[in-house]
Amino acid sequence: KNFYSIVYEVEIIFIDCPRKNKTTLNTKEKMEISSELKEKGIISFKSKNFQEAEKYFSIALEYLEKIPSLELNLILDLKHSLILNICNCLINQSKFN
């Protein structure tokens, strides 16, 4: 029998960190987590890893869903910033159709 060596090359595109249950968090906690994810996205974006950055921004945006209407004004700037960052990632990936 002949035996052959096989070499695999693996590229890690995104590592998903464990997240807290969004339904049990208050608005302040959601904003803190969202801001942390935004910062990770900015680091990825600056490294030209647009796909990873887009995922961080998208996950951060998910944390800002279902905020009580009385607290919406607290998150609007962060939410708008995340949406613009996602758009910028899509443009850099040529996914703007």
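Biologist: What do the buried residues of α1 pack against?

Modeller: In this predicted model, they pack against α2 (50-63) and α3 (72-92).

Biologist: Which residues of α1 are the buried ones?

Modeller: They are T27, K30, I33, S34, L37, K38, G41 and S44. Buried means under 20% relative accessible area.

Biologist: What puts these buried residues on the same side of α1?

Modeller: They cover an arc of only 145° around the axis, and therefore they sit on the same side of α1. There is a general pattern behind this: an α-helix has 3.6 residues a turn, so residues three or four places apart point the same way.

Biologist: And which exposed residues does the face turned away from the buried side carry?

Modeller: That face of α1 carries K28, E36, I43 and K46. The word exposed stands for over 50% relative accessible area.

Biologist: How do you know that the reach of α1 is close to the expected one?

Modeller: Helix α1 runs over residues 27-46, which gives 20 residues. The expected span is 1.5 Å times one less than the number of residues. For α1 the expected value is 28 Å, and the helix reaches 28 Å from its first C-alpha to its last, so the two are close.

Biologist: What makes N26 a cap for the N-terminal end of α1?

Modeller: A side-chain oxygen of N26 lies 3.0 Å from the backbone nitrogen of K28. The cut-off for a polar contact between N or O atoms is within 3.5 Å, so the 3.0 Å pair from N26 to K28 fits it.

Biologist: Now for the loops. Where does K48 lie, and what is its phi?

Modeller: K48 lies in the loop between α1 and α2. Its phi is near 65°, a positive value in a residue other than glycine.

Biologist: Why is K48 called exposed?

Modeller: Its relative accessible area is 64%. Exposed means over 50%, so K48 is exposed.

Biologist: What about K66: buried or exposed?

Modeller: K66 has 77% relative accessibility, and with the cut-off at over 50% it therefore counts as exposed. This residue lies in the loop between α2 and α3, and its phi, near 60°, is a positive value in a residue other than glycine.

Biologist: Back to the inside. Which residues have the most contacts within the largest nonpolar core?

Modeller: That core has 17 residues, and those with the most contacts inside it are I33, L37, F57, Y63, L64 and L82. The elements giving two or more residues to this core are α1, α2 and α3. Its largest share, seven residues, comes from α2.

Technical notes:
Residues are numbered from 1 along each chain as its sequence is written. This is a predicted model: local features need pLDDT of at least 70, side-chain atom pairs count only at pLDDT 80 or more; totals for chains, interfaces and linings use all residues. Side-chain values use heavy atoms; hydrogens and water are left out. Helices (H or I, at least four residues) and strands (E, at least two) are DSSP runs, numbered from the N terminus. Buried means under 20% relative accessible area, exposed over 50%, partly exposed in between (1.4 Å probe, protein chains only). The arc is that of the directions from the helix axis to the C-beta atoms. Contact means heavy atoms within 4.5 Å. A polar contact is a pair of N or O atoms within 3.5 Å; within protein, one must be able to donate a hydrogen and the other to accept it, and residues adjacent in sequence count only if both atoms are side-chain atoms. A nonpolar core is a set of buried Ala, Val, Leu, Ile, Met, Phe, Trp, Tyr and Cys residues joined through side-chain atoms within 4.5 Å.
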